[in-house]
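Here are some notes on the pockets of this model and on one residue, set out as numbered points for you to check against the coordinates.

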Amino acid sequence: WTKGRPDEVWDTLCDKLRQNASILVYNDETVIPAMKHIGVDAADAVNYSIHACNWPDITGGYAVVDTVGGPIPRMILETLLQDGKPRAAYDSIDAVYEAVEEHFRQSSRANFAAYRARYRSGPLPSSGQLSCTDCFTAGTIEAARGLFDGGVKYPAIYVLLRNIGTAADMMAAVDSLVYRQKVCTLSRLAEALAQNFEGCEDILALCRRAPKFGRDDDLADGHAVRLLNRLLDVVDEESVNEQGERDVLTLNVTITDMWHIQEGANLPATPDGRLAGAPLSENLSPTVGVIESVTALLNSVSKLPFERIHSGAFNLRLRKDVVAEEAGLARLQVLADTYLENGGMQLQLSIADTAVLRQAQ
């Protein structure tokens with residue numbers, strides 16, 4: 001999707017989308033600037049592509065050489081708690097943010113150093129052979145070097161920024177209950193989480209009533225934006241060398257695939273009211289069950305700082321009757337156009353209704 005796109009092409013694509021065609025819509029107005037931001041040449045940035053499931057490609061030739069980051073909710077829990085008690089006497093939500101940022105910085109700094117030691121310290125020796133994959137990647141044959149031996153133009157680190165919906169709800173709950181309303185201390189909240197809210201139903205109710213990402217709520221959405229910006233600031237800072245040059249290439253992604261289920265199964269209760277073992281939010285979506293309207297949902301997601309994010313899935317699920325006939329097609333086009341014009345990065349649709357699902361079952 002780009003501004004000034006041909007109407008007839010967009011009409012056809014929206015019609016296919018409402019028929020559940022496997023089409024991923026990405027926004028050139030956010031992805032191309034995000035590619036340029038990390039140092040990708042303009043021609044390669046314009047020709048970006050995506051491979052399933054929503055992972056970014058740099059057409060000029062790239063290889064993923066390392067991965068940092070992971071579930072943001074786990075980072076927050078590890079920052080807040082230790083052995084069922086507050087890790088520190090955080091006197092404000094700002095102090096919590098500073099600690100989360102430092103946690104992320106310390107957990108990823110060694111990866112940036114290792115990248116520089118390998119890819120910025122001089123030519124790498126060739127292994128003497130190319131794999132099948134090497135032969136289909138730009139630059140490797142000319143350089144006689146493989147993907148990981150310096151044969152590609154863009155050796156990249158994947159930065160995983162996962163489960164933003166749950167993470168934003170966690171920070172919104174801590175901010176609201178502990179620091180704004182002062183209806184619960186951090187120690188009391190830590191105790192409730194350690195007990196999986198058993199015997200702490202009053203705290204559970206407060207946590208579940210706290211602001212939630214996906215409702216166009218300024219406080220909750222603000223925490224989603226603040227979290228991603230703080231973590232992306234760390235990435236940008238660690239990617240710049242002592243001479244002030246960006247010498248580490250990072251591809252920043254918000255994809256969870258299906259890991260939100262497994263990660264949730266291994267995570268204790270969280271301050272948003274989620275019980276131990278329950279799934280986390282998937283990809284760019286809010287927590288299941290909090291959505292009140294489609295427009296509010298689209299407004300929340302479009303606020304995220306996509307000018308520094310390179311890929312990620314936003315699964316929009318709509319009833320079949322919402323997009324039926326000409327009026328439904330027009331409705332879908334308005335929703336999608338407005339979301340993308342407001343800065344949304346990606347959109348993929350699932351259209352179904354109860355009757356069809358029961359028939360399939």
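1. In this predicted model, the largest pocket encloses about 600 Å³ of space. Its lining is made up of 28 residues, of which Pro286, Thr287, Val288, Gly289 and Ile291 lie closest to the pocket centre.

2. As for secondary structure, α7 (164-180), α12 (294-302) and β9 (315-319) each contribute at least two residues to the lining of the largest pocket, and β9 gives the most, with five residues. Sorted by class, this lining comprises 12 nonpolar, eight polar and eight charged residues.

3. The second largest pocket has a volume of about 160 Å³, and among the 13 residues that line this pocket, Leu77, Leu81, Gln82, Gly84 and Pro268 are the closest to its centre. At least two lining residues come from each of α4 (72-80), β5 (81-82) and α8 (186-194), while the lining by class consists of eight nonpolar, two polar and three charged residues.

4. Serine 281 deserves a separate look: where in the chain is serine 281 found? Serine 281 sits in the loop between α11 (259-265) and α12, and because its relative accessible area is 2%, under the 20% cut-off, serine 281 counts as buried.

5. Leaving aside residues up to four places away in sequence, serine 281 touches Asn163, Ile164, Gly165, Thr166, Thr256, His260, Pro286 and Thr287. Of these contacts, Pro286 and Thr287 also appear among the residues closest to the centre of the largest pocket, which links this point to the first one.

Definitions and conventions:
Residues numbered from 1 in each chain as written. Predicted model: local features only at pLDDT ≥ 70, side-chain atom pairs only at ≥ 80, totals over all residues. Heavy atoms only, no water. 1 Å grid on protein atoms, 1.4 Å probe; cavity = no way out; pocket = protein on both sides within 12 Å on 5 of 7 lines; lining within 4 Å. Points joined across faces, edges and corners; volume = space filled by probe spheres on them. Helix = DSSP H or I, 4+ residues; strand = E, 2+ residues; numbered from the N terminus. Nonpolar A, V, L, I, M, F, W, Y, C, P; charged D, E, K, R; others polar. Buried < 20%, exposed > 50% of the residue type's maximum accessible area, 1.4 Å probe, protein only. Contact = heavy atoms within 4.5 Å.
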